Amino acid sequence: VQFLLKGETEIRRTPADLPMLLLILATWLSAIFAYRPAESLIPSIRILLIFLAFRAVFTMSIRLGVRRIVLFYIYLVGALSFINIAIFLWYGGAERVFGPAWLAFENYSMTALPMALAFFIWSRHRGERIRFAIIIVAIALAVVASGSRGTLLAILLAVPILIWIA
């Protein structure tokens, strides 16, 4: 949409563009020659949307900067974590809670917690440290509330490695 509405017509290419476009073309070709073409529709749309999301994030990161996008991601997962904790407490801890993001929360939390820890370790001000400490605790509690052992294992492996590298 930005490309169509703005006077800027240059599209910056990435090394991932050609392989993704070839993959999209291959899924559309397989849908044409498939035994049941309707079953190929959802995967081809999914791949197209992943490519469009990649292009959108790439374009935003050029304009906004990677730091701001990563911070937005951490804050967003932190907000989801607070929602999940509230839902978990609402049910009295009787159910596993994934919140509005459902199963995607597992992937979000296992990447956001080490990122927040990195920002905590290298923060410049005490206020930043407190903010990231709160987010880290919230994400960890939300992972426990989800009962996801795979996510917990990924975090338990990533955090010591990050601390060792730091």
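Select helices H5 and H7 in this predicted model. Their axes lie 9 Å apart and the two helices pack at an angle of about 20 degrees. Angles under 35 degrees count as roughly parallel, and H5 and H7 are therefore roughly parallel to each other. Viewed as a crossing, H5 passes H7 in a right-handed sense.

Now show the side chains between these two helices. On H5, pick Glu106, Ser109, Met110, Leu113, Pro114, Leu117, Ala118 and Ile121. On H7, pick Thr151, Ala154, Ile155, Ala158, Val159, Leu162 and Ile163. Coloured by type, the residues of this contact of H5 with H7 come out as 12 nonpolar, 2 polar and 1 charged.

Keep Leu113 selected and look around it. Leaving out residues up to four places away in sequence, Leu113 touches Ile136, Ile139, Ala140, Ile155 and Val159.

Next, widen the selection to the largest nonpolar core, which has 22 residues. Which of them touch the most other members? They are Ile74, Leu113, Ala116, Phe132, Ile135 and Ile139. To see where the core draws its residues from, display H4 (66-90), H5 (104-121), H6 (126-146) and H7 (149-165), the helices that each give two or more residues to this core.

Last, go to Arg55, in helix H3 (residues 38-64). Is Arg55 buried or exposed? The cut-off for buried is under 20% relative accessible area; Arg55 has 13% relative accessibility, so this arginine counts as buried. To see what surrounds Arg55, select Ile11, Arg12, Arg13, Thr14 and Asp17, its contacts once neighbours within four places in sequence are set aside.

Methods
Residues are numbered from 1 along each chain as its sequence is written. This is a predicted model: local features need pLDDT of at least 70, side-chain atom pairs count only at pLDDT 80 or more; totals for chains, interfaces and linings use all residues. Side-chain values use heavy atoms; hydrogens and water are left out. A nonpolar core is a set of buried Ala, Val, Leu, Ile, Met, Phe, Trp, Tyr and Cys residues joined through side-chain atoms within 4.5 Å. Buried means under 20% relative accessible area, exposed over 50%, partly exposed in between (1.4 Å probe, protein chains only). Helices (H or I, at least four residues) and strands (E, at least two) are DSSP runs, numbered from the N terminus. Contact means heavy atoms within 4.5 Å. Axes are lines fitted to C-alpha atoms, for helices over the stretch in contact, and angles run from 0 to 180 degrees between N-to-C directions. Angles under 35 degrees count as roughly parallel, over 145 as roughly antiparallel, 65 to 115 as roughly perpendicular and the rest as oblique. A crossing is left-handed if the near helix is turned anticlockwise from the far one by less than a right angle, and right-handed if clockwise. Ala, Val, Leu, Ile, Met, Phe, Trp, Tyr, Cys and Pro count as nonpolar, Asp, Glu, Lys and Arg as charged, and the others, Gly among them, as polar.
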